[in-house]
Every structure is written in structure tokens, then in C-alpha cells.
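Work through the exercises below with the sequence and the model side by side. Each task is followed by a solution in steps.

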Amino acid sequence: MEIQYKDIQDFNVDEIERLFLSVEWSSGHFPDKLVIAMKNFSTVYSAWDGAKLVGMICAMDDSIMNAYVHYLLVDPHYHGKMIGRTLVDMVKQKYKDYMRIAVIAYNEETHFYENCGFVKSSDASPMFITSLWT
């Protein structure tokens with residue numbers, strides 16, 4: 001298995017749906033919207049095992065100071081293969097001259113992001129208005 005990394009934003013519904021549902025994210029039930037969303041992100045890097053989409057990271061930015069990682073997901077069958085870490089490193093490289101790269105991590109994933117160099121804030125909390133259930 002040789003994972004290839006791509007800088008593309010054009011995905012088909014089936015590959016997006018499969019990846020998002022593989023990690024049990026409710027947004028995977030809206031693949032048509034996700035395909036459009038990918039085209040609107042500032043940055044999308046994806047990981048491929050042949051023709052199979054196995055990982056993705058998406059970020060938004062203000063073009064000079066702040067970047068926000070919105071999605072990072074890796075198919076569970078590919079966990080432990082450094083795919084997530086590689087995708088984060090790609091984003092860190094792209095935004096190395098920015099003043100802040102932010103992410104909202106689920107509590108059980110904070111250790112991963114801390115290992116990637118992120119620091120948990122002691123004076124801020126993520127807040128949402130959402131209809132998604134994950």
C-alpha cells in the first residue's frame with residue numbers, strides 16, 4: 001500500500017459519502033452538500049490508496065493571519081499509518097507564516113492534535129449552532 005496525497009477539491013458523491021460515513025460523521029448523509037463544500041474550502045488535501053479516498057483535511061483561512069482546520073478524517077481501516085499526521089503536516093507547512101492555525105477537536109482526539117503541536121486553550125471553548133448529530 002502506497003498512499004498518495006493530492007491537492008484537489010473535486011470529488012464525487014460516492015467517495016465523499018463513503019469516507020465520511022466510515023468515521024460515522026452525520027455530515028456523510030449529505031454527500032451532495034459535502035461535494036460543494038470541498039470546492040469552497042481554501043485548502044483541501046486528500047489521501048488515496050489507489051482510487052480509494054482514505055483521508056482528507058480541509059481548512060479555511062483569511063489569506064494572511066488565521067487558518068482553521070474544519071475537517072480531518074481518515075478511514076478507520078487506515079488508522080495508524082501516519083495519514084492523519086501527514087495531512088496535518090501538509091496544512092502546517094502551507095500556513096507556516098500565519099499567526100494561528102485553529103482546530104476544534106473532539107475530546108477523545110485532543111491527544112492526537114497535541115502530538116501534532118496544537119495546544120488546548122484554557123480560556124476558550126468551542127460553541128456551535130448545528131443540526132448535525134455528531
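**Exercise 1.** In which sense do S4 and S5 pair, and over how many bridges?

*Solution.* The model used here is a predicted one. Begin with the pair itself: S4 and S5 run in the parallel sense, and four bridges join them. Next, find a position where the two strands meet: Ala 67 stands opposite Ile 101 in S5.

**Exercise 2.** Give the order of the strands in the sheet, and say which strands stand at the edges.

*Solution.* Step one is the order. The open sheet is formed by five strands, arranged S1-S2-S3-S4-S5, and its pairing is mixed. Step two is the edges. Strand S1 (3–6) and strand S5 (100–103) each have a single partner strand, so one side of each is left without a neighbour in the sheet. Step three is the twist: on average, neighbouring strands are turned by 20° against each other, direction ignored.

Now take the antiparallel part. S2 (residues 43–49) and S3 (residues 52–61) run antiparallel and are joined by seven bridges. Within this pair, Ser 46 has Met 56 in S3 as its bridge partner. Helix H3 (residues 83–94) packs on the sheet and touches S1, S2, S3, strand S4 (66–74) and S5. The direction of H3 makes about 150° with that of S2.

**Exercise 3.** How many residues lie between S3 and S4 in their hairpin, and which residue in the turn has a positive phi?

*Solution.* First the pairing: S3 and S4 run antiparallel, with seven bridges between them. Ala 59 and Val 69 in S4 stand opposite each other. Then the turn: four residues separate the two strands of the hairpin, and Ser 63 has a positive phi of about 80°. Ser 63 is not a glycine. With a relative accessibility of 58%, Ser 63 counts as exposed.

A further case can be treated in the same steps. Glu 24, not a glycine either, has a positive phi of about 60°. Glu 24 belongs to the loop between H1 and H2, and a relative accessibility of 67% makes it exposed.

**Exercise 4.** Which residues of H1 are buried, and why do they line one face of the helix?

*Solution.* List the residues: in H1 (residues 13–22), Glu 15, Ile 16, Leu 19 and Phe 20 are buried. Look down the axis of H1: these buried residues fall within an arc of 120°, so they line one face. The spacing fits a general rule: an α-helix has 3.6 residues a turn, so residues three or four places apart point the same way. Finally, ask what lies over them. The cover of the buried residues of H1 includes helix H2 (31–40), S2, S3 and S4.

Repeat the steps for H2. Its buried residues are Pro 31, Leu 34, Val 35 and Met 38. Down the axis of H2 they fall within an arc of 105°, so they too line one face of the helix. The face turned away from the buried side of H2 carries the exposed residues Asp 32, Lys 33, Ile 36 and Asn 40. The buried residues of H2 pack against H1, S2, S3 and S4.

**Exercise 5.** Is Trp 48 buried or exposed, and which charged end sits over its ring?

*Solution.* Locate the residue: Trp 48 is in strand S2. Compare its relative accessibility with the cut-off: at 5%, under the 20% limit, Trp 48 counts as buried. Then look over the ring, where the charged end of Lys 6 sits 4.8 Å from the ring centre. Leaving aside residues up to four places away in sequence, the contacts of Trp 48 include Ile 3, Phe 11, Glu 15 and Leu 53.

**Exercise 6.** How many aromatic pairs does the structure hold?

*Solution.* The count is eight. One of them joins Tyr 95 and Tyr 98, edge-to-face, with 4.8 Å centre to centre and 80° between the planes. Tyr 95 and Tyr 98 are both buried. For Tyr 113 and Phe 118, the ring centres are 5.7 Å apart and the planes stand at 85°, so this pair is edge-to-face. Tyr 113 is buried at a relative accessible area of 9%, and Phe 118 is buried at 16% relative accessibility. As a last step, find the aromatic cluster formed by Phe 20, Trp 25, Phe 41 and Tyr 71.

Terms used:
Residues are numbered from 1 along each chain as its sequence is written. This is a predicted model: local features need pLDDT of at least 70, side-chain atom pairs count only at pLDDT 80 or more; totals for chains, interfaces and linings use all residues. Side-chain values use heavy atoms; hydrogens and water are left out. Rings of Phe, Tyr and Trp (its six-membered ring) pair if their centres lie within 6.5 Å; planes under 30 degrees apart count as stacked, over 60 as edge-to-face and the rest as tilted. Buried means under 20% relative accessible area, exposed over 50%, partly exposed in between (1.4 Å probe, protein chains only). A charge sits over a ring if NZ of Lys or CZ of Arg is within 6 Å of the ring centre and within 35 degrees of the ring normal. Two strands pair if DSSP finds at least two bridges between them. Axes are lines fitted to C-alpha atoms, for helices over the stretch in contact, and angles run from 0 to 180 degrees between N-to-C directions. Contact means heavy atoms within 4.5 Å. The arc is that of the directions from the helix axis to the C-beta atoms.
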